[in-house]
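I sat down with this one to look up a few local details and jot them here. Have the viewer open and follow along.

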Amino acid sequence: MVGKVVVTVESRGSEGSTNPRDDVVEVVSSLIRFDTTNTGDPETTRGEAECAHWVAERLAEVGYQPQYVESGAPGRGNVVVRLEGADRSRGALLIHGHLDVVPAEPADWSVHPFSGAVEDGFVWGRGAVDMKNMVGMMIVVARHLRRSGIVPPRDLVFAFLADEEHGGTYGAQWLVDNRPELFEGVTEAIGEVGGFSLTVPRRDGGERRLYLIETAEKGLSWMRLTARGPAGHGSMAHDRNAVTAVAEAVARLGRHRFPLVITHAVDQFLAAVSDETGLTFDTEAKDLEGTIEKLGPMARMLNAVLRDTANPTMLKAGYKANVIPATAEAVVDCRILPGRKAAFEAEVDRLLGPDVTREWIRDQPSYETGFDGDLVDAMNAAVLALDPDARTVPYMLSGGTDAKAFARLGIRCFGFAPLRLPPDLDFSALFHGVDERVPVDALRFGTDVLTHFLTHC
């Protein structure tokens, strides 16, 4: 493995060295207290700039020179800093995290979603999992490296981003299009939704923690369906009703099961789980999903990467109860496996029929890389240094991340936000869920792993 160099120089920070794991809980709690709700509408989205300035101040305190960039719209703040490494000839590593969160209704929660409460061994609040946990780890490790005068093996670029929860239009996508020089020399990246543990039963008794490293993610494509027909009075007979046409198309699409497709990342994951557990995942069997269900709550995320999906999410039609409208619309959230875009579109067109048209209102491609190379070795070594009996395995994410933007710059992207989770925690349900929370012990473990990784990458 290359680049295993850690150099200590005179600290240029304003404070002495401390262990970053001692600070991470407080920092994550502070981040959650910023209401950075992203509604998808720039007029009502709030808090990103205030949070970004706070992050920049924490980094400037220890000697970084943060670049604060508002991208495309007022208040959509992003922060980027670079820490020079020992070998400037090597490609830089990007560590990215987003500051925005999805909306939360306080009445539904056990604690206020923007309280950042630390109770019962967890940090609670919107963003605790997605993804202010990783952002907090990034901040404390970046501060530690600078305050301690640690020079990493290669340049590190830390990016704190806006608007990931609505596709990155004012965050990563905008920065890639308009400020690519911020990522000059970056060849690899780590971000969210990977590095967390899944505990499985071992075939010889006992349990094994598998740490899932994201090497692939489905395409994120939002489709608008439109049906048109003659407007008319609601009391009369109409055989070309636009509402009926779009409703029937939505029903056909929403009930449809796309074909089973086992990608390389999914095949590698299933093989690793089979090796540990003795479960047989017959990819030709009709009940592959049923076998995966034996892995517990994570099955909902894992089963979602066996097929393309098209889930209707919005309907829009009409303006008066007794008027048949001339148009009716629906929005469908499509998640498409690598290499499946053309086949998916053909299948959708067959289901929609001739009376409904479609258009992509957001279309970000799938992504896939291999589970190999020096960076994968460094992730594996960092996990095993803190959890020696563990195993790292690749997997595919059913959702999308800012990796889709950075991949356009030729950057090789992984999901690696390390957390050692309790076996009984339904982690996948916490993403965008009520009572989102992250274990305190998992944060401290993740900070230790990230520190090891960034000083040996």
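These entries cover one threonine, a pair of helices and a few backbone oddities.

**Before starting.** I noted that this is a predicted model.

**Entry 1: Thr401.** I began with where Thr401 sits, and found Thr401 in the loop between β19 (391-397) and α11 (403-406). Is Thr401 buried or exposed? Its relative accessibility comes out at 7%, which is under the 20% cut-off, so I wrote Thr401 down as buried. Next I asked which residues Thr401 touches. Leaving aside residues up to four places away in sequence, I listed Glu164, Glu192, Val193, Glu214 and Glu217. For Glu217 I could add a detail: its side chain and that of Thr401 are joined by a polar contact of 3.0 Å.

**Entry 2: α5 and α9.** Two packed helices are described by the angle between their axes and the distance between the axes. I looked up both for helix α5 (residues 242-255) and helix α9 (residues 341-352): the angle is about 135 degrees, and the axes are 9 Å apart. An angle of about 135 degrees falls between the 115 and 145 degree limits, so I call α5 and α9 oblique to each other. I also noted the handedness, and α5 passes α9 in a right-handed crossing. Which residues make the contact? On the α5 side I found Ala249, Arg252 and Leu253, and on the α9 side Val348, Leu351 and Leu352. Sorted by class, that contact has five nonpolar residues, no polar ones and one charged one. The charged one is Arg252, since Arg counts as charged.

**Entry 3: backbone oddities.** Most residues other than glycine have a negative phi, and most peptide bonds are trans. With that in mind I picked out some exceptions.

- I found a cis peptide bond from Asp130 to Met131, with omega near -10 degrees. Met131 lies in the loop between β6 (122-124) and α3 (132-147).
- Asp120 has a positive phi, near 55 degrees, and is not a glycine. I placed Asp120 in the loop between β5 (118-119) and β6. With a relative accessible area of 68%, Asp120 is exposed.
- Asp163 also has a positive phi, near 65 degrees. I traced Asp163 to the loop between β8 (156-161) and α4 (172-178). Is Asp163 buried or exposed? Its relative accessibility is 2%, so Asp163 goes down as buried.

**Side by side.** I put the two aspartates with positive phi together: Asp120 is exposed, whereas Asp163 is buried.

Definitions and conventions: Residues are numbered from 1 along each chain as its sequence is written. This is a predicted model: local features need pLDDT of at least 70, side-chain atom pairs count only at pLDDT 80 or more; totals for chains, interfaces and linings use all residues. Side-chain values use heavy atoms; hydrogens and water are left out. Helices (H or I, at least four residues) and strands (E, at least two) are DSSP runs, numbered from the N terminus. Buried means under 20% relative accessible area, exposed over 50%, partly exposed in between (1.4 Å probe, protein chains only). A polar contact is a pair of N or O atoms within 3.5 Å; within protein, one must be able to donate a hydrogen and the other to accept it, and residues adjacent in sequence count only if both atoms are side-chain atoms. Contact means heavy atoms within 4.5 Å. Axes are lines fitted to C-alpha atoms, for helices over the stretch in contact, and angles run from 0 to 180 degrees between N-to-C directions. Angles under 35 degrees count as roughly parallel, over 145 as roughly antiparallel, 65 to 115 as roughly perpendicular and the rest as oblique. A crossing is left-handed if the near helix is turned anticlockwise from the far one by less than a right angle, and right-handed if clockwise.
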